[in-house]
Amino acid sequence: MSEGNEAAALVELAKRRGFFFGSSGAYGGVGGFYTYGPQGAALKSNVEEAWRDRFAVQEGNLEIEAPTIMPEPVFEASGHLDGFDDMLVECAECSESHRADHLIEDNSDLEDAETLSLEEAAEKIAELDLVCPNCGAELAGQSVESFNLMFSTNIGPGSSSPGYLRPETAQGIFVEFPRIKEYARNQLPFGVTQIGRAYRNEISPRKSIVRTREFTQAELEHFIDPERDEPDLSGVEDVEVLLYPATEQQADDGDYVETTIGEAVEDGIIGNAWLGYFLGITQEWYENIGVDMDRFRFRQHLAGERAHYSADCWDAESEVDGDWIEIAGFSYRSDYDLSKHGEYGDDDFTVFQQYDEPKTVERAVVDPDMATLGPEFGAQAADVAEALETLAERDPDAFDADEVTLDLDGEEVTVDTDVANFSVETQTEAGEHITPHVVEPSFGVDRTVYTLLAHAYETDEVDGEERSFLSLSPTVAPTNVGVFPLVSNVDELVDLADDIAEKLRAAGFAVAYDDSGSIGRRYRRQDEVGTPFCVTVDRDGMEGDGPNTVTIRERDSGRQVRVAVSDLVDTLVGLRAGTVSFDAVVEDNEAVEA
Ligand SMILES: Nc1ncnc2c1ncn2[C@@H]1O[C@H](COP(=O)(O)OP(=O)(O)OP(=O)(O)O)[C@@H](O)[C@H]1O
């Protein structure tokens, strides 16, 4: 497809063939909400299933399903209430809202306008003479404001209990960590996955299902002890990747780095081995489900671009119509989330890590008797003593210094270790409580679906006519097989076709049974929705005393092969799973002239 046309052709096909379309059309539609039709819902569900199989089942990770609405304190702790903002500029003329950073990026060479401050963004808009994409009015002089992307609601009647629709599925996993860690028997590392809806009140939703206000994420939160846990890179070190590191993006002649996961981790291009591990298995997964690897890269975030919780971040990006779209994000979230919930929430977000050998340590033990602290602390004495005790537990070495500094609700108090009455006791410790760090691969399911459709969309010529088809991988194709009686007025053919359709459905296939129109038109209909194989029941296969035979047609090449009905289900099972190639089926059977 030529550049610029791909998305338009895709959206047209998606609507006509029941992949997806803007929702609530009867009421004028509402920006940023899409309904998946029968083909789209099946494709999306197959992508989710493939993700679940790779990132939950194959990895031995756990899966949970948490609510999509959570109370306000969760998002106070997570930082989303304060920090989950985009830059908004409103047109004074038509009142249309725009994302300031996107407007700037679309109209300049700047790729990281997100990193600008609000004032800088406003200056840039003026400098570039940007106009409102809706009405053409000048935007210079308009202020740029930050806009929080969370949808708010009230839980129960009244407004005393505000809640928010989750902007990422991840918080549902972090908040439930105290329960899940028990389930995982407190053994790090372990991973928890969740596939579900997330909601963001995007300032300007666009590119159909690429930027919507309600979308599906598939997230994995992998909990590790950064001091003890190392990933096993042996399975991914040879995976070849195209990387676009932050340093290259900032260099004048910034270039891609073609390397392997093993080398990228060794050379420090990917600064964290766990991120390297996940980039490796992700690249293979995307390739398996049909993302075109010539239109795929990993791009590292620039420092100012990273989310409030992220210490290092890479995006998986796919190219559609010449634009790079983020389809998954990989963040090293450190202990940010669990520490915050530990601080704000009323539960234990740490894990007890046993030492290899018990350790003998000297611990400062604070005397809780306030009198010994001296009169200078007055009414604060009880708080000071409590803070000293906490410090003694968390950082006993602090008492080696002459004085210790305490934080009493934001007020700093310095205590001379001579007057802080503590004694040093020798204790044997079996382990320590640590707050696990989190490595997070976060996938956008809708953007994956969009990429698969865009990368699969092809046109060629068949019998002198243009044909458009989706070369979707058999593992995700929404319809697995088409079944057609060559003609609909011969009972014998119709009965056998019915019987085959029933057997295939019983074997777990999504079957499209079609007996209307010419066989060519029936093939075209299936080609357009990406059905990889079609079975046709014809008279040739019913002749003689031998086994009945039917033809299987392969979508992309249009080649056909005649196979015995008794072998059909097994053959298609192999073809769908990719364990049997169409070439092998042709070799074992009789190729048919198309
Ligand atoms: N509005 C949206 N519509 C559809 N998918 C989304 C949307 N926002 C995020 N996603 C998906 O969720 C994944 C993880 O979310 P993350 O918070 O990393 O996105 P993001 O960096 O905020 O995305 P963007 O910069 O495009 O707004 C993204 O890689 C993307 O695939």
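Let's start in the interior of this predicted model. Strand 24 is covered on both faces: Val481, Val483 and Pro485 are buried on one side, and Gly482 and Phe484 are buried on the other. In a regular strand, side chains alternate between the two faces of the sheet. Five of the five residues of strand 24 (residues 481-485) are buried, so the rest of the structure largely encloses this strand.

**Neighbours of strand 24**

Strand 24 has parallel partners, and the table sets two of them next to each other.

| Partner of strand 24 | Sense | Bridges | One bridge pair |
|---|---|---|---|
| Strand 25 (residues 511-513) | parallel | three | Val481 with Val511 |
| Strand 26 (residues 533-537) | parallel | five | Phe484 with Thr536 |

To follow the chain from strand 24 to strand 25, trace it through helix 15 (residues 491-506); this β-α-β crossover is right-handed.

**A helix with two sides**

Now move to helix 6 (residues 118-127). Its buried residues are Ala121, Ala122, Lys124 and Ile125. Looking down the axis of helix 6, you will find these buried residues within an arc of 160°, so they line one face of the helix. An α-helix has 3.6 residues a turn, so residues three or four places apart point the same way. What do the buried residues of helix 6 pack against? They pack against strand 5 (85-90), helix 5 (100-106) and strand 7 (144-148). On the other side of helix 6, Glu119 and Glu127 are exposed. Just after helix 6 comes Asp129, which takes a positive phi of about 55°.

**Around the ligand**

Last, have a look at the ligand, which has 15 residues around it. Which of these come nearest? They are Phe215, Gly329, Ser442, Gly444 and Arg447.

Several elements build this shell, and strand 11 (214-224), strand 16 (323-334), strand 21 (437-444) and helix 14 (445-456) each supply at least two of its residues. Strand 16 gives the most, with four residues. As for chemical character, the shell around the ligand divides into seven charged, five polar and three nonpolar residues.

If you have the structure open, these places make a handy tour: strand 24, with buried residues on both faces; helix 6, with its buried residues along one face and Glu119 and Glu127 exposed on the other side; and the shell around the ligand, where strand 16 gives the most residues.

Methods
Residues numbered from 1 in each chain as written. Predicted model: local features only at pLDDT ≥ 70, side-chain atom pairs only at ≥ 80, totals over all residues. Near = placed C-beta within 6 Å. Nonpolar A, V, L, I, M, F, W, Y, C, P; charged D, E, K, R; others polar. Buried ≥ 20, exposed ≤ 12 C-beta atoms within 10 Å, placed from the backbone. Pairing = 2+ DSSP bridges. Right-handed = clockwise from strand over helix to strand, strands pointing away. Arc of directions from axis to C-beta. Contact = placed C-beta atoms within 7 Å.
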